[in-house]
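Visitor: I'm new here and would love a close look at one part. Could you walk me through the aromatic rings and what surrounds them?

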Amino acid sequence: MLAAPSASGMSGVDASLGISGHRTSGQAVRHANVTAALAVANMIKTSLGPLGLDKMLLDNMGDITITNDGATILQLLDVEHPAGKILVELAGLQDSEVGDGTTSVVLIASELLRRANELVNQGIHPTSIISGYRLAMREACKYVEEHLAVDAESLGRECLMNTCRTTIASKLLSTDPDFWADMCVDAVMSTKTVDPFTDKVSYPVKSIGILKKQGKGSKESAVLKGESDSPKNPHLT
């Protein structure tokens, strides 16, 4: 039988669990979390925007990935720190919900953490900082809705084209932005739906399916209106 370690010999050992290690709390933990978040953000901040740089990633199997997509970069990194993992999950959630802005949300979140840590060092309680951030979020959303939001119906096709060109500028499709922007706008506009009871216009983007076929070039892609016989993409293509 193994005897339990005595209390006098518990140096570097958790007395309640009998596990070797040490505990860290207070300012040291906050500093470590902020440092980890900033380290993750620094890895991808140079890939932000149309002029962002691509990253070359080499995994243990020797596979090479070249991308400037924030979510892809973070997924390929082996992030072990809990605070860093939260930013990785945040980028993945942004990618699944919106499909863009993965790098931006990581940079904004890390900057908010850095500023919050500075306020804590000044003696402000973390609960007060969180309340302030939530108030600022509500006010920012209210301001955007009242002063910056524009009805999609009034934008016009050229504005939509410019939006697509900006998004495509940082992707591999940037060699021919007009072709792909025109295709994207056609696909989205073809999903236009008007509610017969409220006359509300909606664009169910999730009804757009993407079918990939080998043997032809990317410039031979086209928008086909109708239903697909593929079980994975049964909607409009």
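Guide: Happily! Let's begin with a term: a charge sits over a ring if NZ of Lys or CZ of Arg is within 6 Å of the ring centre and within 35 degrees of the ring normal. Here, the ring of Phe179 has the charged end of Lys219 over it, 5.3 Å from the ring centre. A word on the source: this is a predicted model, where local features need pLDDT of at least 70 and side-chain atom pairs count only at pLDDT 80 or more, while totals for chains, interfaces and linings use all residues. Residues are numbered from 1 along each chain as its sequence is written, and side-chain values use heavy atoms, with hydrogens and water left out.

Phe179 also belongs to the one aromatic pair that the structure holds. Its partner is Trp180: the ring centres are 5.0 Å apart and the planes stand at 85 degrees, so this pair is edge-to-face. For such pairs, rings of Phe, Tyr and Trp (its six-membered ring) need centres within 6.5 Å; planes under 30 degrees apart count as stacked, over 60 as edge-to-face and the rest as tilted.

How covered are these two residues? Buried means under 20% relative accessible area, exposed over 50%, and partly exposed in between (1.4 Å probe, protein chains only). Phe179 has 24% relative accessibility, so it counts as partly exposed. Trp180, at 11% relative accessibility, counts as buried. For a contrast elsewhere, Met56 counts as exposed because its relative accessibility is 62%, whereas Asn117 counts as buried at 12%.
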